Amino acid sequence: MNLLAAAIAIGLSALGASIGNGLIVGRTVEGIARQPEARGFLQTTMFIGVALVEALPIIGVVIAFMVLNR
């Protein structure tokens, strides 16, 4: 049962991160298409957002390891 819980934690965190990254990058591309002069600012903001979203799978892996060690 612990293995199933760990797999679900990692899988859902990866799914959430992929959806979040897709939304962030998609909206950034739309913003750059509308205002090409704001490209640098939008890319910087995008990279910060992607980094924050990527923390989710890391937390999911930590939770999976915690579940497996019980």
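Student: How many helices and strands are there in the protein?

Tutor: There are two helices and zero strands. Helices (H or I, at least four residues) and strands (E, at least two) are DSSP runs, numbered from the N terminus. Keep in mind that this is a predicted model, where local features need pLDDT of at least 70, side-chain atom pairs count only at pLDDT 80 or more, and totals for chains, interfaces and linings use all residues. Residues are numbered from 1 along each chain as its sequence is written, and side-chain values use heavy atoms, with hydrogens and water left out.

Student: What makes the protein more spread out than a compact globule?

Tutor: Its radius of gyration, taken over C-alpha atoms, is 16 Å, and the globule rule gives 11 Å for 70 residues. That rule is 2.2 Å times the number of residues to the power 0.38. Since 16 Å is well over 11 Å, we call the protein more spread out than a compact globule. Its C-alpha atoms fill a box of roughly 55 × 15 × 5 Å along the principal axes.

Student: Why is N21 called buried?

Tutor: Buried means under 20% relative accessible area, exposed over 50%, and partly exposed in between (1.4 Å probe, protein chains only). N21 has 16%, so it counts as buried. You'll find N21 in helix α1.

Student: Which residues does N21 touch, leaving out those up to four places away in sequence?

Tutor: N21 touches V50, V53 and E54. A contact means heavy atoms within 4.5 Å.

Student: And why does L12 count as exposed?

Tutor: L12 comes out at 55% relative accessibility, so it lands in the exposed class. L12 is in helix α1 too.

Student: How do you know that α2 reaches close to its expected length?

Tutor: Helix α2 (residues 39-68) has 30 residues and reaches 44 Å from its first C-alpha to its last. The expected span of a helix is 1.5 Å times one less than its number of residues. For α2 that gives 44 Å, so the two values agree closely.

Student: Which residues of α2 are buried, and what do they pack against?

Tutor: They are M46, G49, V53, P57, G60 and A64. These buried residues pack against α1 (2-34).

Student: What does UniProt list for residues 46-68?

Tutor: The unreviewed entry lists "transmembrane region" there, though such annotations may be inferred rather than shown by experiment. In the model, that span is 100% helix and 0% strand, with its end C-alpha atoms 34 Å apart.
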